[in-house]
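Visitor: I'd like to understand how the words used for this model are justified. Could you walk me through it?

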Amino acid sequence: MEKLNIYNRYDIKISDDKLGKAINNVLSERNLDYVFTKDEAIKLEDSFEKALGVEYLPGQFDQRRQGVIDTLNLVLDEHIDCKTATIYEFSDISDDDLKRIESYLINPVDSHKIDIKNMPESLDVEREKNLDNIIYDGFINYSDEEISRFLENKSLAMDFADLKMVMDYFKKENRDPNETEIKILDTYWSDHCRHTTFNTSLDIEFETKSLLDKAIKKSFDKYMEMRKELNIKNPIILMSFGIILSKYMKSRNEFDDLEISSEINACSVYVKVRVEKDGKEELEDYLLMFKNETHNHPTEIEPFGGASTCLGGAIRDPLSGRSYVYQAMRITGAGNILEKVDDTIEGKLPQRKITKLAAKGYSSYGNQIGLATGFVKEIFHEGYKAKRMECGAVIAAAPKEDVKRMGAKPGDVVLLIGGRTGRDGIGGATGSSKSHKVSSIKTESAQVQKGNAPEERKLQRLFRRSEVSRLIKKCNDFGVGGVSVAIGEIFNGMDIDLSRVKLKYEGLKPSEIAISESQERMAVVIDKKYIKEFEQYCLEENVESSLVGKVTYTNRMRMFYKDLKIADISYDFINTNGADRKAKVLVVSEYIPKKIIKKMILKSFMKKYLT
């Protein structure tokens, strides 16, 4: 290829007299960029030998577009709107080569090809409110065959036993469920939310042939001794292996610095911090918080957004705990990034594209929010070709006296603050909790959230104000499950008005508003007498807020769109977490003959002492 030019295209709604100011102050760097406008731009595009135009799919959050709008609103006294695209101009290459380039550049999960000759006449799009909320007539009388078909047709993350429970519940309610209620339960009961795999009851048997078998069995026997000492009667599950030691140490008062509260936003411990006051150094009580996040599935299908929101999600948890994140780390796993693109597994993105765009996404978010990543480790192994690993972790701190863990009570209100709600992130919890097919890369487009780091930076600034954080009784970040989980799990009694949720664009159905995982949002619980004061603080930090929920005595999650009831489910049923899971397990180590072990030891010895 002899020529490649890349153009950032903006279709912008702006008055002629403001266009020059917009170009010189926001859209271009005068000493670096060539700028083509109006007829000049049309003439340029007509002259291309071969070209490709790429644009985000409708409904996908476009940070470049948002950045233009936000910045121009600061420098111009005019309402601005725009669309963005990227245009690639090539030399006269073959159609086959152009198709190969197109398949590499365009990820069908979030973007599509556009006709660059077809200029939009207007950016005004009329979207009517969509209040569809389908009722599944006859659901409570489904046969087993119909339940199985419903599971497959709706592509649910729950299984047959779960859906059978749902049917029995709505039989008692004497009505059929609607699509929002099914989606809420599917989200709450997904592996992502309830950790189905880690909470499955295990019937365990052990092989005891090798030394490693015996060592594993010995560790398990220690685990059983701890359970007996702690008088744990619950079934054996994988989750208990992970937490048994902390429970054991806590029972011996070895965790006196651990903060215990109903807010499980991040691991939180008490520490003493040296601070300077009036020229003197003093020790002050602080909370130190740790949090890690894995975004394996999102980064696999949309690398830039998946990796950026891996870091954004990790930040958001301790941030919702009213602490300031100041350090991060990143560990990733990928296949061979030097592999030929043509050898990519069908239905997947090339490993080099995933790896490069994920690195850009993570660093983009970190740079924009101002967070240093002090440790980065990339692991390359064929095993990660099946599913990428994308792990981010953060550490944060806050003065103890600024963090109030008061909990919610009936009469309190819930404010939704921060970013608006869009289609990005719809079904993320269920999407990452089920198996995927070749077609998933095209059908799961809405599941990956799009990060907006400047919005989260504003939330950081808001929460660092002592007078703000001390008004918050409880806070949940909006991640998995969106409104239904972030607000729904605050208290076992909640009325939510979906019509008050601010949207990125009109046309979202109630069920979409309920489960969208759009980023950079918080649900804060405050006493209703402080509504005006809290809203004023948000205004000062340029953070949008809206009163969307009320804490009630009902023991039910009720969602409304103004006067229209959208969902009504008992918390007793939601909190069952669906059907119980049981599994038989045979624990066996990989058998390695003694001859090979001796060779391995000898090789290790020679490498250490004889090289």
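Guide: Gladly! A residue is called buried when its relative accessible area is under 20%, and exposed when that area is over 50%. Please keep in mind that this is a predicted model.

Visitor: What makes strand E10 "mostly covered"?

Guide: In E10, residues 389-399, ten of the eleven residues are buried. Buried means under 20% relative accessible area, so "mostly covered" fits this strand, with ten of eleven buried.

Visitor: How do you know that strand E7 and E10 pair?

Guide: Pairing requires at least two bridges found by DSSP between the strands. E7 (residues 280-294) and E10 have nine, in the antiparallel sense, so they count as paired. Within E10, Ala397 has Leu288 opposite.

Visitor: And what makes strand E8 a partner of E10?

Guide: Nine bridges join E8 (residues 324-334) to E10, again antiparallel. The cut-off is at least two, so this pair qualifies. Here Met329 stands opposite Ala393 in E10.

Visitor: Let's turn to helix H5. Which of its residues are buried?

Guide: In H5, residues 144-153, they are Ile147, Phe150 and Leu151.

Visitor: Why are these said to be on the same side of H5?

Guide: Because the arc they cover around the axis is only 100°. In an α-helix, with 3.6 residues a turn, residues three or four places apart point the same way.

Visitor: Which residues are exposed on the other side of H5?

Guide: Glu145, Glu152 and Asn153. Exposed means over 50% relative accessible area, so that is the cut-off these three pass.

Visitor: What covers the buried residues of H5?

Guide: The cover includes helix H6 (160-173) and helix H7 (179-188). After H5 comes Ser155, with a positive phi near 50°.

Definitions and conventions
Residues numbered from 1 in each chain as written. Predicted model: local features only at pLDDT ≥ 70, side-chain atom pairs only at ≥ 80, totals over all residues. Heavy atoms only, no water. Buried < 20%, exposed > 50% of the residue type's maximum accessible area, 1.4 Å probe, protein only. Helix = DSSP H or I, 4+ residues; strand = E, 2+ residues; numbered from the N terminus. Arc of directions from axis to C-beta. Contact = heavy atoms within 4.5 Å.
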